[in-house]
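Good morning. I will go through one protein model today, starting with a term we need and then moving from the whole chain to single residues. Please keep the structure in view while I talk.

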Amino acid sequence: MTHLGNSAGSRDIAYHLHPYTNLKTHETSGPLVIASGKGVTVTDETGKEYIEGVAGLWCTSLGFDEPRLVDAAIRQMRTLPFYHAFAHKSHEPAIDLAEKLIGLAPVPMSKVFFACSGSEANDTAVKLVWYYNNALGRPQKKKIIARQKAYHGVTVAAASLTGLPNCHRDFDLPIQGILHTDCPHHYRFGLEGESEADFATRLADNLEALILREGPETVAAFFAEPVMGAGGVILPPATYFEKIQAVLRKYDVLLVADEVICGYGRTGNMWGSQTYGMKPDILTSAKALTSAYLPLSAVLVSDAIYRACVDESAKIGTFGHGYTYSGHPVSCAVALETLKIYEERDIIRHVRAVAPRLQQGLRAFRDHPLVGEVRGTGLIAGVELVADKATRKPFDPALGVGTKLVSFSHQHGAILRPIGDSIGFSPPLIIDETKIETLLFRFEKSLADTADWLVREGVRVS
């Protein structure tokens with residue numbers, strides 16, 4: 001592409017290939033260039049300030065200027081800026097962090113494997129599931145079930161688990177052996193008059209039927225986010241995980257809890273698994289583990305899985321999996337300091353204290369003509385926009401209503417996440433009630449602007 005000038009935006013267009021972006025539109029619209037951050041706000045290159053209503057990508061839990069995390073990184077950089085964990089090598093930050101995470105686990109776990117992202121963590125979990133079943137002499141038990149609208153990442157295996165069409169289209173995904181079952185969104189997929197509990201029973205029955213069709217001897221694992229994030233902030237219906245886990249136990253299918261978004265306090269507990277009664281065999285986490293200050297993810301595995309890996313690696317001669325940056329010492333040092341801050345400041349208690357203001361404030365919009373459903377827990381929420389409240393009819397996707405609302409929110413100084421026509425909220429965990437009020441006010445103005453825009457476009461809303 002021809003170089004368009006010396007501004008950051010023009011150079012971005014000239015050289016930068018963006019993730020999750022309409023690349024054609026980007027060539028003309030360019031980026032919002034963020035220059036600095038403080039607390040729960042970020043400032044762009046023009047000096048305009050925004051409340052970061054999604055904590056970046058659900059991840060900057062301690063805000064954008066926590067000096068203790070910076071200091072932890074500097075100290076470790078000066079002591080040991082890099083070392084690896086291959087071939088019996090280790091270092092204290094990784095050892096200390098693994099020990100800490102095992103102590104925090106929602107159910108008994110045995111070991112921690114480190115990677116750099118949630119995608120890598122879930123990809124690792126897939127490989128561990130396969131390795132485990134080979135170790136047990138079950139080479140056919142390899143199929144993995146995820147859910148429609150799930151998000152588990154974008155590496156080849158993780159993107160296959162992801163139940164969003166645009167993560168598959170023209171990437172030749174999903175790969176063989178990845179199956180998808182029902183999305184547990186009662187508002188969208190519940191039958192008329194069907195309670196949440198009855199909906200959950202139907203979904204559990206459908207899961208069992210899928211396992212039986214495929215053959216229980218071929219189905220190895222079920223991946224689930226406690227709250228589905230990038231699929232629209234979808235909460236499980238009442239009794240869902242209780243009934244799903246009964247099916248998994250019946251057919252000896254492992255449960256992998258994807259805690260990449262929910263982990264470390266987002267739902268008002270340390271883990272979303274605690275919020276929804278999940279008892280995983282493998283748990284993946286990332287994002288708030290370092291408050292996103294450095295890349296790091298963690299995969300926690302049960303002792304049964306670990307022991308099988310030990311036996312298989314003894315037979316082969318090595319456990320042939322790992323990344324150069326697995327357990328990077330600087331990332332681990334920052335993670336340890338992050339966890340220390342969570343404890344010292346009792347961040348989970350703070351989340352429980354301020355979350356009602358966000359949840360109640362958003363639910364106040366339920367009577368707005370554009371709002372179909374408001375859903376959320378802790379400091380994560382979604383507001384679904386609809387063309388017809390009575391029938392729950394969605395807008396024509398070509399209109400891009402959710403994206404338009406978020407563009408209005410930028411004008412009003414709030415960064416939100418469009419997920420189709422659902423608007424995602426996931427502010428830094430340190431947000432206070434005053435900032436929540438400001439965020440709600442800016443969302444209200446954005447909603448009003450969207451309604452006015454629809455009128456101008458001649459779109460009928462009922």
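Helices, of at least four residues, and strands, of at least two, are DSSP runs, and they are numbered from the N terminus. With that numbering, Glu457 can be placed: this residue sits in the segment after helix H16, which covers residues 433–456. Glu457 is partly exposed, because its relative accessible area is 49%, and the band for that label runs from 20% to 50%. How far apart are Glu457 and His26 in sequence and in space? In sequence they are 431 residues apart, and in space 23 Å, from C-alpha to C-alpha.

I should say that this is a predicted model.

Now the whole chain. The protein chain has 16 helices and 15 strands. Its radius of gyration is 22 Å, close to the 23 Å that the globule rule gives for 462 residues, so the chain is as compact as a globular protein of that length. Along the principal axes, the C-alpha atoms fill a box of roughly 70 × 60 × 50 Å.

How much of the chain is buried? Of the 462 residues, 53% count as buried. The accessible surface comes to about 20500 Å², and carbon and sulfur atoms account for 53% of that surface. These are two separate quantities, one about residues and one about surface area.

On contacts: take those between residues at least 6 apart in sequence, and 70% of them join residues at least 24 apart. On charge, the chain has 47 positive and 51 negative side chains, and the centres of the two sets lie 0 Å apart.

Next, a buried residue. Leu128 is in helix H6, residues 118–135. Is Leu128 buried or exposed? Leu128 is buried, because its relative accessible area is 6% and the cut-off is under 20%. Leaving out residues up to four places away in sequence, Leu128 touches Ile282, Val299, Val301, Cys309 and Phe319. Take Val301 from that list: Leu128 and Val301 are 173 residues apart in sequence, but their C-alpha atoms are 9.0 Å apart in space.

Helix H1, residues 8–15, also has buried residues: Gly9, Ser10, Asp12, Ile13 and Ala14. What covers them includes helix H2, residues 23–29. One general point about helices helps when reading such a list. An α-helix has 3.6 residues a turn, so residues three or four places apart point the same way.

Now the aromatic rings. The structure holds nine aromatic pairs. One of them is Phe82 with Tyr325: the ring centres are 6.1 Å apart and the planes are at 75°, so the pair is edge-to-face. This pair links distant parts of the chain, 243 residues apart. Phe82 is in the loop between helix H4 (67–79) and helix H5 (92–104), while Tyr325 is in the loop between helix H12 (303–316) and helix H13 (329–344). Phe82 counts as partly exposed, at 31% relative accessibility, and Tyr325 is partly exposed as well, at 47%.

A second pair is Tyr240 and Phe241. Their ring centres are 4.9 Å apart and their planes are at 75°, so this pair is edge-to-face too. Tyr240 is buried, with a relative accessible area of 2%, and Phe241 counts as buried at 3%. Going back to Phe82, ring pairs link Phe82, Tyr83 and Tyr325 into a cluster.

Last, some backbone details. Which peptide bond is cis, with omega near 5°? The bond from Leu173 to Pro174 is. Pro174 is in the loop between helix H7 (156–161) and strand E6 (178–181).

Two residues have a positive phi without being glycine. Ala87 has phi near 50° and is in the loop between H4 and H5. Ser291 has phi of about 55° and is in the loop between strand E9 (282–285) and strand E10 (297–301). On exposure, Ala87 counts as exposed, at 55% relative accessibility, whereas Ser291 is buried, at 0%.

That is the end of my part. Thank you.

Notes: Residues numbered from 1 in each chain as written. Predicted model: local features only at pLDDT ≥ 70, side-chain atom pairs only at ≥ 80, totals over all residues. Heavy atoms only, no water. Rg over C-alpha atoms; globule rule 2.2 N^0.38 Å. Buried < 20%, exposed > 50% of the residue type's maximum accessible area, 1.4 Å probe, protein only. Contact = heavy atoms within 4.5 Å. Areas by Shrake-Rupley, 256 points an atom, 1.4 Å probe, with all protein chains shown as cover. Lys, Arg positive; Asp, Glu negative; His and termini not counted. Charge placed at Lys NZ, Arg CZ, Asp CG, Glu CD. Phe/Tyr/Trp six-rings, centres within 6.5 Å; stacked < 30°, edge-to-face > 60°.
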